[in-house]
Amino acid sequence: RARAGFLRSPTDRVAAAARARGTVSCAQVKGRRVLLVDDVISAGTAVREAAGILQAAGAELVGVCVAVDRQEVTGGAAPPEPGAERVSAVEGVRRDLGVPVVPILTLTDLLTYLEGEGGASAEHATAVRAYREMYGAV
């Protein structure tokens, strides 16, 4: 369970992100090879944005590591049209940035765990499967 005060409102998260943007000093990364690390990848927007900031600061992006790959279709919050190519955000970022993108944990890994636990986890597994059917690239 999250402790009171631990979770931030969307407004607080947006404000924190705005403060963090542009804090990369050119002197810190110029001419350096950089591995970009992020907590979660959904559509890949934040990774692309951070890569642009690093590039503008003179860094060479050599790869991306994400803790959790939600295995979502890239391209927005709406489910893809029927018959449309279902490109995952990870694959889209690989294509766009030309670097490896490596997740530590995927939505499939989480689903496998939930399905093996039974009980209340089975209810969560059902919800995760429904989410993946709507938004997933897998």
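Six helices and three strands make up the protein chain in this predicted model. Read from the N terminus, these elements follow the order α-α-β-α-β-α-β-α-α. Of the 138 residues in the chain, 28% are buried. Contacts that link distant parts of the sequence are well represented: among contacts with a separation of 6 or more, 74% join residues 24 or more positions apart.

A good place to begin a closer look is helix α4, which spans residues 89–97. Its buried residues are A89, V90, G92 and V93. These residues cover an arc of only 160° around the axis, and they therefore lie on the same side of α4. The cover over them includes three strands, β1 (33–41), β2 (60–69) and β3 (101–106), together with helix α3 (45–56). Just after α4 comes G98, a residue with a positive phi, near 70°.

The partnership between α3 and α4 can be followed in more detail. The two helices pack at an angle of about 25°, and their axes are 10 Å apart. Because angles under 35 degrees count as roughly parallel, α3 is roughly parallel to α4. The crossing of the two helices is right-handed. On the α3 side, the contact is made by V47, R48 and A51, while α4 contributes A89, G92, V93, D96 and L97. Sorted by character, the residues of this contact comprise five nonpolar, one polar and two charged. A89, G92 and V93 thus appear once more, having already been listed among the buried residues of α4.

Helix α5, at residues 107–117, offers a similar exercise in reading a helix by its faces. Here the buried residues are L107, L111 and L114. A simple rule helps with such a pattern: an α-helix has 3.6 residues a turn, so residues three or four places apart point the same way. Seen down the axis of α5, the buried residues fall within an arc of 65°, which means that they line one face of the helix. The exposed residues T112 and G116 are carried by the face turned away from that buried side.

Loops can hold buried residues too, and E72 is an example: its relative accessible area is 9%, and E72 counts as buried because the cut-off is under 20%. E72 is found in the loop between β2 and α4. Which residues surround E72, leaving aside its neighbours within four places in sequence? E72 is in contact with S42, A43, V87, S88, A89, Y131, Y135, G136 and A137. One of these, A89, also belongs to the buried residues of α4.

Definitions and conventions. Residues numbered from 1 in each chain as written. Predicted model: local features only at pLDDT ≥ 70, side-chain atom pairs only at ≥ 80, totals over all residues. Heavy atoms only, no water. Buried < 20%, exposed > 50% of the residue type's maximum accessible area, 1.4 Å probe, protein only. Helix = DSSP H or I, 4+ residues; strand = E, 2+ residues; numbered from the N terminus. Arc of directions from axis to C-beta. Contact = heavy atoms within 4.5 Å. Axes fitted to C-alpha atoms, helices over the stretch in contact; angles between N-to-C directions. Parallel < 35°, antiparallel > 145°, perpendicular 65-115°, else oblique. Left-handed = near helix turned anticlockwise from the far one by under 90°. Nonpolar A, V, L, I, M, F, W, Y, C, P; charged D, E, K, R; others polar.
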